[in-house]
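Me: Can you walk me through the labels on this model? I'd like to see each value set against its cut-off.

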Amino acid sequence: MSKTSKKENKKEKRVKKVRQLPQSPKGMHDILPEDQPLWERIRNKARSIAGLYSFSRIDTHIVEKAEIFERGVGQESEIVQKQMFYIKTPARSAGGKDDDKLALQPEGTASVMRSYFENGLSRMGQPVKLYYEAPMFRYEQPQQARFRQFYQFGIEILGGESEPAYDAQAMLIPYKILESLKVKNITIKINSIGCHNCRGNFLKKLQQYYKRHQKDTCKDCEKRISSNPMRLLDCKNEKCQPIKAGAPVILDFLCSQCKAHFKKVMEFADELKLPYVIDHLLVRGLDYYNRTVFEIFSEKAPFALVAGGRYDYLSEMLGQGRIAAVGSSIGLNRVAGVLKEEVKGVLRSQPKVFLIHLGDAAKKKGLSLIQKLVEEGISIGESFGRESLKSQLRMADKEKALLALIIGQKEVFEESVIVRDMTSGVQETIPLTKIIEDIKKRT
Ligand SMILES: [Zn+2]
Ligand SMILES: [Zn+2]
């Protein structure tokens with residue numbers, strides 16, 4: 001190949017590249033129209049059940065000062081170490097003040113806590129019960145049920161006492177939401193990770209134990225022994241499973257207050273008939289948790305649909321006085337994933353009626369007929385770019401409309417509409433004045 005043709009070849013390649021559609025960023029997915037009815041159903045159930053338990057909605061901004069998460073979620077946590085989406089603002093690019101160190105929220109709790117103090121919710125009657133639904137962002141390896149943008153519905157109970165009845169409620173509400181959505185065979189795994197008084201003793205024992213088995217653990221765990229020993233129990237690596245199985249059990253180390261708290265939580269969970277099991281290997285990846293932690297599973301999913309726990313220390317980590325707090329969040333993508341197979345096709349939103357026009361005068365008439373139907377709450381589709389009867393009927397079929405309303409020149413002149421039953425193909429001419437009544441009868 002000559003030099004010039006090589007050059008041209010390169011140029012051509014570049015042009016091709018420019019023309020290609022930029023794809024979604026890795027690990028991010030659109031929620032398409034066909035999935036929206038299912039998502040709406042999940043969101044509506046969640047909102048209405050949270051509302052019944054007197055939770056109010058809060059929307060925090062999805063961008064926060066990164067400090068909120070660095071302090072709240074914890075410097076040593078996987079989220080802050082590896083998964084934060086930092087935002088490059090103009091000010092930061094130009095030299096960067098710390099004030100401009102912003103991040104997309106990787107979880108919802110720390111932001112809600114910030115807002116609680118910043119906006120005076122801490123001075124209202126306590127506890128304050130809030131719920132949110134928002135996208136979260138974590139830069140992690142996308143895999144089944146793990147996305148870089150995912151949606152959570154969360155509840156938070158802030159203020160008041162460290163009351164075990166609220167731990168039970170933080171489990172109950174997501175459980176009830178899943179149950180009402182007909183998620184099958186739900187199990188709640190629950191554990192207590194103690195408090196600052198008792199957790200230290202446990203961690204010391206855990207570190208000693210892992211140091212003895214250091215040569216048999218995975219590389220990550222080797223680091224965790226000193227940096228984040230709690231997470232040792234969370235390791236999914238095959239190699240570490242036998243070591244985990246023999247590790248000291250935190251419940252044996254709880255102080256008397258933590259023990260009493262955990263006992264009460266279980267008593268209330270029994271009272272509410274929550275299907276829970278104790279899992280002493282359950283720890284959560286965020287620093288702010290204390291005492292109760294839990295995750296909710298269904299038989300269909302190998303991953304948790306809900307995660308939550310108590311976080312009485314978070315307010316202090318954000319530089320405020322200590323307040324009791326407990327909450328949980330539902331992974332909406334995961335719930336939608338579990339339910340998707342079951343409701344396939346059932347929940348499609350579709351126009352009941354489809355308008356077909358033949359000619360310009362009919363198009364004009366059609367526009368005002370659509371208006372009339374919409375005002376009556378009847379959903380109607382149309383295809384103005386298509387002119388032939390055949391292609392418009394095909395479209396009505398594709399949209400699975402029950403009725404087609406056909407307007408031709410004759411109908412414009414006579415102020416009438418042909419109503420075609422799309423299943424039987426039977427047609428009938430109806431005067432325009434009676435059309436609403438007729439459609440309502442038929443649908
Ligand atoms: Zn304790
Ligand atoms: Zn490991």
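Reply: Sure, donors first: they are N, O and S atoms within 2.8 Å of the metal (3.2 Å for Na, K and Ca), and since water is not among the atoms, sites may look incomplete. Residues are numbered from 1 along each chain as its sequence is written, while chains are lettered from A and ligands numbered from 1 in the order in which they are written. This is a predicted model, where local features need pLDDT of at least 70, side-chain atom pairs count only at pLDDT 80 or more, and totals for chains, interfaces and linings use all residues; side-chain values use heavy atoms, with hydrogens and water left out.

Me: What makes C195, C198, C255 and C258 donors of the zinc ion (ligand 1)?

Reply: Each offers its SG, lying 2.3 Å from the zinc ion (ligand 1), and that is within 2.8 Å, so they count. Along the sequence these donor residues follow the spacing C-x2-C-x56-C-x2-C.

Me: Why is the site of the zinc ion (ligand 1) called tetrahedral?

Reply: Four donors get that name if all angles lie between 85 and 135 degrees. Here the angles among the 4 donor atoms are 101 to 116°, so the label fits.

Me: Why is the pair of Y131 and F153 called stacked?

Reply: Rings of Phe, Tyr and Trp (its six-membered ring) pair if their centres lie within 6.5 Å; planes under 30 degrees apart count as stacked, over 60 as edge-to-face and the rest as tilted. By this rule there are 9 aromatic pairs. For Y131 and F153 the centres are 5.1 Å apart and the planes at 25°, so this pair is stacked. Y131 sits in strand β5 (residues 128-137) and F153 in strand β6 (residues 149-158), so the pair ties together parts 22 residues apart in sequence; strands are DSSP runs of E, at least two residues, numbered from the N terminus.

Me: How do you know that Y131 counts as buried?

Reply: Buried means under 20% relative accessible area (1.4 Å probe, protein chains only), with exposed over 50% and partly exposed in between. Y131 comes in at 9%, so it's buried. F153, at 2%, counts as buried too.

Me: What makes the pair of Y288 and Y311 tilted?

Reply: Its rings are 5.5 Å centre to centre, with 55° between the planes. That angle is neither under 30 nor over 60, so tilted it is. Both Y288 and Y311 are buried.

Me: How do you know that the charged end of R148 sits over the ring of Y139?

Reply: The rule wants NZ of Lys or CZ of Arg within 6 Å of the ring centre and within 35 degrees of the ring normal. R148 is 3.9 Å from the centre of the Y139 ring. R43 lies over the face of Y151, at 5.7 Å.

Note on methods
Four donors count as tetrahedral if all angles lie between 85 and 135 degrees; four count as square planar and six as octahedral if opposite donors are over 155 degrees apart and all others between 65 and 115; anything else is irregular. Helices (H or I, at least four residues) and strands (E, at least two) are DSSP runs, numbered from the N terminus.
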